[in-house]
Amino acid sequence: MFIPINQALLNQVSEKAQKSPRLRMNHNFHHTPDDLLNRMLNAMEPGTYVHPHKHENPDKREAFLILRGRLLVIAFDDMGTIIDHIELNPLTGNFGLEIPPRTYHTLITLEAGTVVYELKDGPYNVLNDKQFAPWAPAEGSAESAGYMKDLLTQLALT
């Protein structure tokens with residue numbers, strides 16, 4: 001049976017993200033964390049902070065396809081220097097990207113109601129899924145908002 005991804009579902013997940021303390025919400029299509037391909041909608045609101053991280057040991061690819069809104073994806077070297085960035089925006093034709101394993105990255109939501117379809121190699125294990133960047137503030141820290149603003153300034157996007 002088909003699983004539709006439609007405006008009603010995007011609205012539903014976005015509404016949950018708006019009400020979430022983290023300002024983001026997943027809607028999983030995989031049934032268990034053991035699935036070899038994790039597939040989900042990821043609704044994110046401006047102000048959500050994604051601690052820069054990489055997927056290593058086990059190595060995992062991650063891909064994002066933008067369904068609506070605007071999302072900045074930033075890649076870093078191991079010291080925290082920005083090495084690449086792209087704004088995903090369906091109106092400009094930047095529809096998605098794939099992030100190779102072992103690549104530090106973060107996401108900054110640029111528009112309310114942003115939703116991406118995310119794919120990542122599984123299985124998901126909370127103990128080894130992400131290696132967080134030691135040079136970036138932790139999620140929930142007082143420094144995270146300033147860090148995001150600094151990244152936007154570095155990229156001349158403020």
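How do the residues of the lining of the largest pocket divide into nonpolar, polar and charged? In this predicted model, the lining comprises 10 nonpolar, 9 polar and 8 charged residues, where Ala, Val, Leu, Ile, Met, Phe, Trp, Tyr, Cys and Pro count as nonpolar, Asp, Glu, Lys and Arg as charged, and the others, Gly among them, as polar. A pocket here is an open set of points on a 1 Å grid over the protein atoms alone where a 1.4 Å probe fits, with protein on both sides within 12 Å along at least five of seven lines; lining residues have an atom within 4 Å of a point.

Of the 27 lining residues, Arg22, Asn26, Lys120, Tyr124 and Lys130 lie nearest the pocket centre. Two or more residues each come from β1 (24-28), β2 (37-44), β4 (62-68), β8 (104-109) and β9 (114-121), with strands taken as DSSP E runs of at least two residues and helices as H or I runs of at least four, numbered from the N terminus.

Turning to the interior, the largest nonpolar core has 14 residues, and Leu72, Ile74 and Tyr147 are among those with the most contacts inside it. Such a core joins buried (under 20% relative accessible area, 1.4 Å probe, protein chains only) Ala, Val, Leu, Ile, Met, Phe, Trp, Tyr and Cys residues through side-chain atoms within 4.5 Å. The helix α2 (144-154) gives the most to this core, with 4 residues.

Residues are numbered from 1 along each chain as its sequence is written. Local features need pLDDT of at least 70 and side-chain atom pairs 80 or more, while totals for chains, interfaces and linings use all residues, and side-chain values use heavy atoms, without hydrogens and water.

Technical notes: Buried < 20%, exposed > 50% of the residue type's maximum accessible area, 1.4 Å probe, protein only.
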